[in-house]
Amino acid sequence: VAGLHPHRWLDEGVACYFGASRIANEQVKLGLMDANAYPVWWLGEWDISGDLERDKNDNVMIPLKTIVSGKGGPSLDDRFNDYYLHWWSLAHFLFEFRKAQHRDATFALMSEGGSLEAFEKHIGPAGEVEKDWYIHIATLKTREIQLTQDLRIRKLRTHQTDDNDER
């Protein structure tokens, strides 16, 4: 409809960014993760070590250039959920990192389809951006852990209230 033909990472990543955003008070809270939404629920399984180069060598992280170009990397069939985590987290990074520093540039990137060339033109050199993206992923994992704990506490409180109501 819009005449855009985005690269898969951008198309799926942005869709997941919207789809995994929390709804509160009947409003979508863009960027606030819903721990029960795909692919966010896989964040806890993403075993990043804190060392980007090690994680790339151990195939925990798919390199940014691979994600954006769509060339090389592991088989999508074998690592389906990993790709979606990468695509979603990259879109989340582009819209949310450091008070949305890349947001305006992301719209320009989207208008050009999301190629590696357009990415580096609008966002920055992949090797440099990758480091910040990795930091962002670590931050997202920390938030997901907190969200999951909060959800468990709410469930316990709900069950305790339900148990008290039955008495």
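N59 sits in the loop between α2 and α3 (64-69). In this predicted model, N59 has a positive phi of about 60°, although N59 is not a glycine. N25 also has a positive phi, of about 55°, and is likewise not a glycine. The place of N25 is the loop between β1 and β2. N25 has a relative accessible area of 71%. It is therefore exposed, as the cut-off for that class is over 50%. A further backbone feature occurs at P39. The peptide bond from Y38 to P39 is cis, with omega near 0°. P39 belongs to the loop between β2 (27-33) and α2.

These loops connect elements of a chain with seven helices and two strands. Read from the N terminus, the order of elements is α-β-β-α-α-α-α-α-α. The chain has 167 residues, and 40% of them count as buried. Contacts between residues at least 6 apart in sequence were also examined. Of these contacts, 62% join residues at least 24 apart. The chain exposes about 9,900 Å². Carbon and sulfur atoms supply 49% of that area.

Part of the surface is a nonpolar patch. F18, I23, V28 and L30 make this patch, which covers about 390 Å². I23 lies in strand β1, which spans residues 21-24. The relative accessible area of I23 is 61%, so I23 counts as exposed.

Helix packing was examined next. Two packed helices are described by the angle between their axes and the distance between the axes. Helix α1 covers residues 8-19, and helix α4 covers residues 80-100. Their axes come within 7 Å and cross at roughly 75°. Because angles of 65 to 115 degrees count as roughly perpendicular, α1 is roughly perpendicular to α4. On the α1 side, the contact is made by R8, W9, E12, G13, V14, C16 and Y17. On the α4 side, the contributors are Y84, W87, W88, L90, A91, H92, L94, F95 and E96.

E96 also takes part in a charged pair. Side chains of opposite charge can pair when their charged atoms come close. The side chains of E96 and R103 meet in a salt bridge, with 3.5 Å from N to O. E96 has 24% relative accessibility and counts as partly exposed. R103 is also partly exposed, at 31%. Elsewhere, salt bridges that share partners join E53, K56 and E130 into one network. The structure holds eight salt bridges in total.

Within that network, K56 forms a salt bridge with E53. The closest N and O atoms of this pair are 3.3 Å apart. K56 and E53 both lie in helix α2, which runs over residues 52-57. The two are three residues apart, so about one helical turn separates them. E53 is partly exposed, with a relative accessible area of 44%. Another salt bridge links the side chains of D58 and R54, at 3.8 Å from N to O. D58 is partly exposed at 47% relative accessibility. R54 is partly exposed too, with a relative accessible area of 46%.

D55 is another residue of helix α2. Is D55 buried or exposed? D55 has 1% relative accessibility and is therefore buried, since buried means under 20%. Several contacts of D55 involve residues beyond its neighbours within four places in sequence. These partners are D47, I48, S49, G50, V60, M61 and Y134.

T106 provides a second buried site. T106 is found in helix α5, which spans residues 103-111. With a relative accessible area of 1%, T106 is buried. Which residues touch T106, leaving aside its neighbours within four places in sequence? The contacts are with L94, F95 and I123. L94 and F95 also appear on the α4 side of the contact with α1.

Note on methods: Residues are numbered from 1 along each chain as its sequence is written. This is a predicted model: local features need pLDDT of at least 70, side-chain atom pairs count only at pLDDT 80 or more; totals for chains, interfaces and linings use all residues. Side-chain values use heavy atoms; hydrogens and water are left out. Patches are made of residues with over 30% relative accessible area and no salt bridge: like charges are joined within 9 Å, nonpolar side chains (Val, Leu, Ile, Met, Phe, Trp, Tyr) within 5 Å. Accessible areas come from the Shrake-Rupley method with a 1.4 Å probe; for residues, only the protein chains shown count as cover. A salt bridge is a side-chain nitrogen of Lys or Arg within 4 Å of a carboxyl oxygen of Asp or Glu. Helices (H or I, at least four residues) and strands (E, at least two) are DSSP runs, numbered from the N terminus. Buried means under 20% relative accessible area, exposed over 50%, partly exposed in between (1.4 Å probe, protein chains only). Axes are lines fitted to C-alpha atoms, for helices over the stretch in contact, and angles run from 0 to 180 degrees between N-to-C directions. Angles under 35 degrees count as roughly parallel, over 145 as roughly antiparallel, 65 to 115 as roughly perpendicular and the rest as oblique. Contact means heavy atoms within 4.5 Å.
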